[in-house]
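Reader: Please take a close look at a single part of this model. I would like one connected account of a surface feature and the residues that make it up.

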Amino acid sequence: MKVYTKTGDKGTTALFGGTRVPKHHIRIESYGTVDELNSYIGLIRDQDINPLYKNVLIEVQDRLFTLGAILATPPEKEVLKNGQQRLNINRIAPEDIALLENEIDTMDTALPPMTHFVLPGGHTTVSYCHIARCVCRRAERLATHLNEIEVIDELVLTYLNRLSDYLFVLARKLSLDLNADEVKWIPRKN
């Protein structure tokens with residue numbers, strides 16, 4: 001199988017099911033941003049961090065591939081002519097969201113309470129988490145926009161929302177683990 005097909009040379013691409021759309025279509029933007037997020041998650045996973053976090057991040061990356069496949073499939077192409085689902089994979093499930101919530105709760109018990117917003121930074125690994133969190137929020141914004149045009153699985157939206165929370169708490173926990181300074185944002189007064 002060749003990497004290049006030349007079918008997108010004129011600015012269109014195919015969704016699952018064969019529908020061709022412009023490469024700037026909101027559906028392409030949505031799953032493309034999820035792909036970007038997945039790459040940043042890989043960058044975090046490549047850091048010298050607790051193996052437990054690496055295992056959770058591998059699970060997240062798996063779920064992001066699933067999420068991307070869901071976003072790449074227009075509603076009218078989800079079911080094949082024989083009545084079977086086009087995507088023969090496990091969908092995003094409540095258990096996937098529960099995993100993130102449990103991890104957030106576990107990390108949160110070891111963290112000092114938040115009293116201010118925190119400036120991103122303090123350590124390269126922490127910064128990668130904040131970048132991933134921001135990309136996750138963008139993916140969520142794009143997916144909610146897509147959802148206004150064509151309804152998508154609500155668990156996709158929930159997962160992205162919870163994942164951004166997880167990445168924020170992971171950044172704070174890594175700051176603690178790495179003895180990095182967590183700089184509070186204190187607004188200037190006039």
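Author: In this predicted model, Phe117 is a suitable place to begin: its relative accessibility is 61%, over the 50% cut-off, so Phe117 counts as exposed. Phe117 belongs to a nonpolar patch on the surface, together with Leu119, Val183 and Trp185. The accessible area of these four residues together is about 420 Å².

Two other members of the patch fall into the class between buried and exposed. Trp185 has a relative accessibility of 42%, which lies between 20% and 50%, so Trp185 counts as partly exposed. Leu119, with a relative accessible area of 39%, is likewise partly exposed. Leu119 sits in the loop that runs between strand E3 (117-118) and helix H4 (124-149).

Within the patch there is also a ring contact to describe. The count of aromatic pairs comes to one. Phe117 and Trp185 form this pair, with 6.1 Å from centre to centre and 55° between the planes. An angle over 60 degrees would count as edge-to-face and one under 30 degrees as stacked, so at 55° the pair is tilted. The pair links distant parts of the chain, as Phe117 is in strand E3 and Trp185 is in strand E4 (residues 184-185), 68 residues apart.

To sum up the part in question, Phe117 is exposed, Trp185 is partly exposed, and the two residues contribute both to the nonpolar patch and to the tilted aromatic pair.

Notes. Residues numbered from 1 in each chain as written. Predicted model: local features only at pLDDT ≥ 70, side-chain atom pairs only at ≥ 80, totals over all residues. Heavy atoms only, no water. Patch = residues over 30% accessible without salt bridge, like charges linked within 9 Å, V, L, I, M, F, W, Y side chains within 5 Å. Areas by Shrake-Rupley, 256 points an atom, 1.4 Å probe, with all protein chains shown as cover. Salt bridge = Lys/Arg side-chain N within 4 Å of Asp/Glu carboxyl O. Helix = DSSP H or I, 4+ residues; strand = E, 2+ residues; numbered from the N terminus. Buried < 20%, exposed > 50% of the residue type's maximum accessible area, 1.4 Å probe, protein only. Phe/Tyr/Trp six-rings, centres within 6.5 Å; stacked < 30°, edge-to-face > 60°.
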